[in-house]
Amino acid sequence: MTKSQITLLAIFSLFLIVGCGPSSEDFQSLDHSNMNTGASEPDEEGFVWQTEQFADLKIVRYQIPGWEQLNQRQQALVYCLNMAGLSGRDIMYDQNNRYNLRIRRMLENIHTSYEGDKSTKGWDRFETYLKRIWFSNGIHHHYSNKKHIPEFGQEYFDHLLSSTSTECSDEIRSVIFDPAVESKKVEQDGTLGLVESSAVNFYGPGVSTEEAQAYFASIKVEGDRSPVEYGLNSRLVKTDDGEIVEEVYKLGGLYNDAIAEIIKWLNEAQNYTENEKQSIALAHLIDYYETGDLEKWSLYNINWVQDTEGDVDYINGFIEVYNDPLGYTGSYETIVEIKDFEASARMQTLMENAQWFEDHMPFMAEHKKDEVVGITYNVVNVAGEAGDASPSTPIGVNLPNSNWIRKVHGSKSVSLGNIVGAYDKASGGGMLSEFAHDEVEMKRVKAHSALAGKLHTAMHEVIGHASGQLEEGVDTPKETIKEYSSTLEEGRADLVALYFLLDEKLVELGLMKTIEVGRAEYDNYIRNGMMTQLRRLELGDDIEEAHMRNRAWVSNWCYEKGEAEGVIRKYVREGKTYVDVMDYERLRELFGELLREVQRIKSQGDYEAAKNLVEGYGVKVDPAIHQEVLDRSEALGIAPYGGFINPEMSIERAESGEIINVEVTYPDNFTDQMLRYSSMFNFLPDVNALN
Ligand code: ZN
């Protein structure tokens, strides 16, 4: 199975809030005076990126750069694909757990009809519980898989029920309050029974792990070189005669009412497709939803990977299988994407000038390529997400999952640029003011770091990885420098980016207006590599991850080499450690020197030198600094997990029904959006039918 989505992992600490105070406390009023809602300050344009924070979660907004560059038909296409996506929102809830929709609807009903005192601790705890459910599409934590336990007591719950004339069965009550009931969404410990102990709704009551496995084994065709993704779109249930059968997600099958809506919007999307390939792929997707036939899903994927010419793209379907303890059934998910026009232009400029950069590398002459071709990479901007991809979202997509389709027909891999950007903007502020050493650095980084980060990525990918060559007869780095090859290669690409980020050539090419952009990146890189990235590590651990390692060895090496000259100053002020880049030009030379050496190591396959560099500068952590970084980050109270409020779109139709105008707005209230979605996309029946 391909690990096909890069999950948003900003996260190493996990604090679940468990247990509840004495229930009478729920009726006390909440002390608002020392409450931190977690909203960020508006940026220069007045946009608030982070709207709130609760439990271990933060809520972030994103914009759709490039929206105005789409023509009216393209905007209509995006709108229809978004509506298709949202139409299936409730499927994800029901897939995650068979009680989810009933519980969510009950709580939403209380939320909208309660007219009592909302300034109490109890109400705050109730809202937090409901928001956590919205965040994770159900009663289990999206990342830890553990069930959310309400912080309010049953006495307060009874008060809410009676004041809103809401019914709650004993069964539902135990699902909400009893930690032992439906306790884990996905169980991965085989000794506990994968299917039996998992609360996901991919298997009906009474289906055992053995029966499920036997069933899947029985439907596989031996020797099939183009197998379908067996079990991807169905729930396994046991009939009254004890037979195991699939309830297929399709028109006329399980989730019919939502799927009919999805199909309706995909059909309308057909009116606005950009080209024939896109239209053909979409037709196969509709065909698949209508029939549930997985051969049609394969056919759709084969056509979708070839649909690369438009500015609009999307994923839609039952896709990732990690919520299924047996790894067969896909969770409902959609992402609608538009081309990142800025990133494409940047990439184009770099591609056209790739040879100039190669010729000006600080490499030894024999390690330069005579003819270099830049490497393309793909960034898109998200225009809407639903299901498994929302509110918590991946930051990249690499699909399809079918191995043979990837091999024979290829795959698409994109990173979600505006999501990454929004996430940085939301979390960056607090960390920056804590760790930046003075106002000048703060100002520079605030003004330039967004562009600096994008340029760094573009240089890293297009120029960095493409550059340099091995000496005659030297084996590939995997064979010569072995376990150090990947951190060395990532560091090499970073160094290429850093080296040229202080080059006037980038200004001349119009990629940046001022060299200050490069300086901002130097500040960020050194601060992160020497200090702030350590917050992702547990005390006492070595650095293991390849990129974290390379940021450490690049920064620490340059610090040590420039120490005598004071290139980077490290000092303590009022008990806090700061790093300060004192001489940018000299730091650039050090980056160049290290780059030349790293290229030599790669070109000659010098294992010992690779080992000394990585082990000497990129693995071990100074425990005192590490502790300090952890303490200072923790004091900022930044929630480890982020989720997103989607932009919303409204349309005008001509008399013919054609969409003639699409307006985008950026809502700033998570609760309102969730309630709006729940009422607009409320297609699944209530719900016993689905059990
Ligand atoms: Zn890379």
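Is H460 buried or exposed? Keep that in mind as we tour this predicted model, one close-up at a time.

**View 1. The zinc ion and its protein donors.**
Here the zinc ion is held in view with three protein donors: H460 and H465, each through its NE2 atom, and E490 through OE. These donors lie 2.1 to 2.2 Å from the zinc ion. Read along the sequence, their spacing follows the pattern H-x4-H-x24-E. H460 belongs to helix α15 (residues 439-464) and E490 to helix α17 (residues 485-501), so this pair ties together parts that are 30 residues apart in sequence. Now for the opening question: H460 is buried, because its relative accessibility is 7% and buried means under 20%. E490 is buried as well, with a relative accessible area of 16%.

**View 2. L506 and its surroundings.**
Look for L506 in helix α18, which runs over residues 504-508. Its relative accessible area is 0%, so L506 counts as buried. Which residues does L506 touch, not counting those up to four places away in sequence? They are F357, M459, F500, L501, L511 and M512. For a sense of scale, try finding P394 too: from C-alpha to C-alpha, L506 and P394 are 31 Å apart in space, and in sequence they are 112 residues apart.

**View 3. The largest nonpolar core.**
This view turns to the largest nonpolar core, a set of 122 residues. Inside this core, F157 and Y203 are the residues with the most contacts. Helix α1 (residues 72-87) supplies the largest share of the core, with nine residues. Apart from this core lies another one, of 71 residues, including M431, Y522, M548 and I601. Zoom in on Y203 and leave aside its neighbours within four places in sequence: Y203 is in contact with V195, A212, F216, R235, L236, D324, P325, L326 and Y328.

**View 4. E187 in its loop.**
Where does E187 lie? You will find E187 in the loop between α6 (170-177) and α7 (209-219). With a relative accessibility of 9%, E187 is buried. A polar atom of the E187 side chain lies 3.0 Å from the backbone nitrogen of D189. Setting aside neighbours within four places in sequence, E187 is also in contact with L192, G193, L194, S197, S198 and P325. You may recognise P325 from the previous view, where it is in contact with Y203.

**View 5. The largest cavity.**
How many cavities of 30 Å³ or more are there? The count comes to six, and this view shows the largest cavity, with a volume of about 100 Å³. The residues lining the largest cavity are E229, W297, Y300, N301, W304, I315, N316, I319, L399, P400 and N401. Two elements, α10 (294-306) and β6 (312-320), each supply at least two residues of this lining. The largest share, four residues, comes from α10.

**View 6. Helix α2.**
The last stop is helix α2, which covers residues 89-96. Eight of its eight residues are buried, so helix α2 is largely enclosed by the rest of the structure. To follow the helix along, look for its buried residues in order: R89, D90, I91, M92, Y93, D94, Q95 and N96.

Methods. Residues are numbered from 1 along each chain as its sequence is written. This is a predicted model: local features need pLDDT of at least 70, side-chain atom pairs count only at pLDDT 80 or more; totals for chains, interfaces and linings use all residues. Side-chain values use heavy atoms; hydrogens and water are left out. Donors are N, O and S atoms within 2.8 Å of the metal (3.2 Å for Na, K and Ca); water is not among the atoms, so sites may look incomplete. Buried means under 20% relative accessible area, exposed over 50%, partly exposed in between (1.4 Å probe, protein chains only). Contact means heavy atoms within 4.5 Å. A nonpolar core is a set of buried Ala, Val, Leu, Ile, Met, Phe, Trp, Tyr and Cys residues joined through side-chain atoms within 4.5 Å. A polar contact is a pair of N or O atoms within 3.5 Å; within protein, one must be able to donate a hydrogen and the other to accept it, and residues adjacent in sequence count only if both atoms are side-chain atoms. On a 1 Å grid over the protein atoms alone, a cavity is a set of points where a 1.4 Å probe fits but cannot get out, and a pocket is an open set with protein on both sides within 12 Å along at least five of seven lines; lining residues have an atom within 4 Å of a point. Grid points are joined across faces, edges and corners, and a volume is the space filled by probe spheres set on the points.
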